[in-house]
There are 2 protein chains.
Amino acid sequence: MAVYTQVNADQVKAFIANYDIGPLETYVGIADGVENTNYLLFTGSGRYILTLYEKRVEESDLPFFLDLMDHLSDRGIPCPVPVHDRAGNTLGRLAGRPAALVTFLEGVARSRIEPVHCRSVGRALARLHSASSDFGESRPNGLSLGAWKQTLMQSEVRLEKYDSGLYQEVRDDFLHIAEAWPKSLPEGVIHADLFPDNVFFKDGEVSGLIDFYFACNDLFAYDLAICINAWCFERDADFNITKAGALLKGYEENRKLSAGEIAALPVLCAGSAMRFLFTRLVDWETTPSSAMVRPKDPAEYLGRLRFHRAARGPDSYGLGTS
Amino acid sequence: MAVYTQVNADQVKAFIANYDIGPLETYVGIADGVENTNYLLFTGSGRYILTLYEKRVEESDLPFFLDLMDHLSDRGIPCPVPVHDRAGNTLGRLAGRPAALVTFLEGVARSRIEPVHCRSVGRALARLHSASSDFGESRPNGLSLGAWKQTLMQSEVRLEKYDSGLYQEVRDDFLHIAEAWPKSLPEGVIHADLFPDNVFFKDGEVSGLIDFYFACNDLFAYDLAICINAWCFERDADFNITKAGALLKGYEENRKLSAGEIAALPVLCAGSAMRFLFTRLVDWETTPSSAMVRPKDPAEYLGRLRFHRAARGPDSYGLGTS
């Protein structure tokens with residue numbers, strides 16, 4: 001939510017001198033991005049985002065993220081395109097940090113989500129999964145079952161502090177999820193964080209996807225489960241089956257789900273809810289109350305976890321309803 | 001340094017619907033601005049800054065600031081131009097806060113200041129003083145002698161904590177400054193915060209002035225003294241007389257200084273150094289050490305105050321040397 005690393009005009013000019021993007025006209029630090037420092041640059045040839053990667057990002061993961069955006073944009077996915085310097089590199093260094101330039105993606109995220117947007121997101125997600133199928137690199141998902149187990153073991157105090165009895169409840173969920181987790185579903189590179197903040201729309205259709213810094217290899221249907229949690233609940237954690245039906249329908253317009261994927265939806269959704277419940281609980285506890293921006297309330301994801309636990313089966317997700 | 005108030009696309013669209021600036025294409029929260037929330041907007045007709053005024057700004061002062069920018073831009077000063085809505089207003093409300101749209105000023109601030117830039121700043125400052133001479137509104141300087149006295153009285157502990165013996169030293173300075181403060185020099189609207197951050201250059205010449213939110217009525221030569229402190233010291237608080245000479249020479253190219261103004265330079269510079277010493281001391285003490293951005297060290301301004309105290313007279317400032 002801030003510019004962690006200040007760079008002055010001379011530093012920016014020296015950095016972009018390695019790229020064929022024309023002279024610097026203006027730059028502003030932008031407030032988006034929880035993990036990294038981002039500047040919006042205006043140069044003789046257009047608008048770019050200059051990202052300085054801060055400590056929370058593993059430097060060794062950066063080539064994967066940049067190569068992935070390169071690969072996806074080559075295949076027509078509307079995502080930021082890494083700019084290559086004259087030596088062909090997309091990753092450079094600035095102010096002691098790894099840094100990269102990507103094209104600035106125009107567009108606005110939606111604050112009010114309607115089923116038509118969910119359908120478009122579904123289509124875009126399936127396109128992304130198809131487009132990544134011939135991407136030659138991989139990155140394990142660091143926020144999957146194994147990590148949840150570890151987080152759970154460290155979270156007894158945190159969970160009990162948030163709500164008495166919660167540790168037992170979530171531990172039972174974890175045991176169920178771990179047991180029911182599907183072993184052999186179609187997998188590949190997933191976005192893993194396709195929240196409404198990360199999707200731009202134009203005239204009701206997805207026009208841009210951003211923030212690939214959680215992308216990793218995992219089950220395609222798990223990415224869909226993340227989207228169900230991110231797009232198909234109302235403010236008060238009520239599930240909107242019409243939106244979920246539209247999301248799944250949109251997805252299946254571009255990639256058919258297998259019977260196994262459909263059957264696994266409840267457990268994948270529960271797992272995804274647990275993953276965000278854990279990270280939000282940590283943010284909730286570690287953000288000082290004096291901070292300018294309050295972290296999101298973990299209660300939202302607790303509500304979603306409980307919904308998925310109680311789901312009768314895949315038909316609870318509106319498949320074939322819209 | 002942050003977006004204090006989050007506004008979503010629907011809110012921005014509803015706000016700009018009152019203005020003839022075309023439809024919203026994109027917007028990003030920007031990290032500039034310590035006091036207010038700023039968004040950079042791209043619309044069908046160009047780029048704009050949308051500012052939401054936060055608590056530290058007096059709402060009753062806003063018409064003065066906006067009218068001043070309107071007035072100055074009318075007279076050819078390169079500053080942000082407030083956009084009028086269809087009813088003719090420049091001040092609106094958004095997310096419960098006063099809000100305004102101004103044009104986005106392209107340009108980059110300089111990180112390395114050379115005498116040629118000081119000369120250009122001097123010229124721009126004098127032009128600003130002339131252009132504001134027929135501005136019909138006024139706003140008292142809330143950070144002048146009276147305020148310093150009050151701050152001094154509240155700062156004994158703070159000053160002693162920063163450096164033992166400092167309270168006595170600064171109190172003596174204050175008494176001298178208050179006694180020697182000029183009573184009848186040319187005055188009018190001054191920028192009062194024309195630091196290098198707030199000045200854009202193109203090809204070595206000033207191309208833009210921003211951040212008029214400290215503008216007020218005071219002595220023109222005091223504005224010049226603020227610039228001497230802001231532009232003519234090196235990183236280690238060494239005074240650079242060549243830069244000061246260039247700044248004064250540039251100023252006099254557009255507005256001749258009176259003998260009284262020249263004679264008062266040392267005390268005006270000392271007063272200006274005290275003003276920034278006080279605000280930095282407060283920021284230094286009140287910013288938690290966990291904050292992402294450390295406030296600027298007050299020591300810089302203590303060094304400047306000491307320099308001006310020891311100045312032999314106005315000739316210490318390089319008048320007529322370049």
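This text leads through a predicted model, from the pairing of its chains to the packing of its helices.

Start with the two chains. Two copies of a chain are related by a rotation about an axis and a shift along it. Here a rotation of 180° superposes chain A on chain B, with 0.0 Å of shift along the axis. The RMSD of that superposition is 0.0 Å. The two copies are thus related as by a two-fold rotation axis. The same surface serves both copies, for 100% of the contact residues of chain A recur in chain B. To find the axis from chain A, look for A:Ile30. Of the residues of chain A, A:Ile30 comes closest to the axis, with its C-alpha at 2.0 Å.

Now look at the contact between the chains. Chain A brings 26 residues to it, and chain B brings 26 residues. Four elements of chain A each give two or more residues to the side that touches chain B. They are helix H1 (9–16), strand S1 (24–30), strand S2 (37–43) and strand S6 (108–109). S1(A) gives the most, with seven residues. By class, this side of chain A divides into 15 nonpolar, five polar and six charged residues.

Next, take chain A alone. Its domain assignment gives domain 1 (9–105) and domain 2 (109–317). The centres of the two domains, taken over C-alpha atoms, are separated by 28 Å. The domains also touch: 16 residues of domain 1 are in contact with 16 residues of domain 2. The side of domain 1 that touches domain 2 has 11 nonpolar residues, one polar and four charged.

Three helix pairs in chain A are worth following. In the first pair, helix H3 (residues 115–131) meets helix H7 (residues 220–231). Their axes come within 11 Å and cross at roughly 155°. An angle over 145 degrees counts as roughly antiparallel. H3(A) and H7(A) are therefore roughly antiparallel to each other. Their crossing is right-handed. From H3(A), the contact takes A:Cys118, A:Val121, A:Leu125 and A:His129. From H7(A) come A:Phe220, A:Asp223, A:Leu224, A:Cys227 and A:Trp231. These residues divide into seven nonpolar, one polar and one charged.

The second pair is helix H4 (residues 145–154) and H6(A). Here the axes come within 11 Å and cross at roughly 160°. H4(A) and H6(A) are therefore roughly antiparallel to each other. The crossing of H4(A) and H6(A) is left-handed. H4(A) contributes A:Leu145, A:Trp148, A:Lys149 and A:Leu152 to the contact. H6(A) contributes A:Val170, A:Arg171, A:Phe174 and A:Ala178. Six of the contact residues are nonpolar, none is polar and two are charged.

The third pair brings helix H6 (residues 166–180) to helix H9 (residues 259–286). Their axes come within 10 Å and cross at roughly 135°. That makes H6(A) oblique to H9(A). H6(A) passes H9(A) in a left-handed crossing. A:Asp173, A:Phe174, A:Ile177 and A:Ala180 of H6(A) meet A:Val267, A:Ala270, A:Gly271 and A:Met274 of H9(A). This contact has six nonpolar residues, one polar and one charged. A:Phe174 takes part in the contact of H6(A) with H4(A) and in the contact of H6(A) with H9(A).

Methods:
Residues are numbered from 1 along each chain as its sequence is written. Chains are lettered from A and ligands numbered from 1 in the order in which they are written. This is a predicted model: local features need pLDDT of at least 70, side-chain atom pairs count only at pLDDT 80 or more; totals for chains, interfaces and linings use all residues. Two residues are in contact if their C-beta atoms, placed from the backbone, lie within 7 Å. Ala, Val, Leu, Ile, Met, Phe, Trp, Tyr, Cys and Pro count as nonpolar, Asp, Glu, Lys and Arg as charged, and the others, Gly among them, as polar. Axes are lines fitted to C-alpha atoms, for helices over the stretch in contact, and angles run from 0 to 180 degrees between N-to-C directions. Angles under 35 degrees count as roughly parallel, over 145 as roughly antiparallel, 65 to 115 as roughly perpendicular and the rest as oblique. A crossing is left-handed if the near helix is turned anticlockwise from the far one by less than a right angle, and right-handed if clockwise. Domain bounds come from an automatic or database domain assignment. Copies are superposed by least squares on the C-alpha atoms of residues with pLDDT of at least 70 in both.
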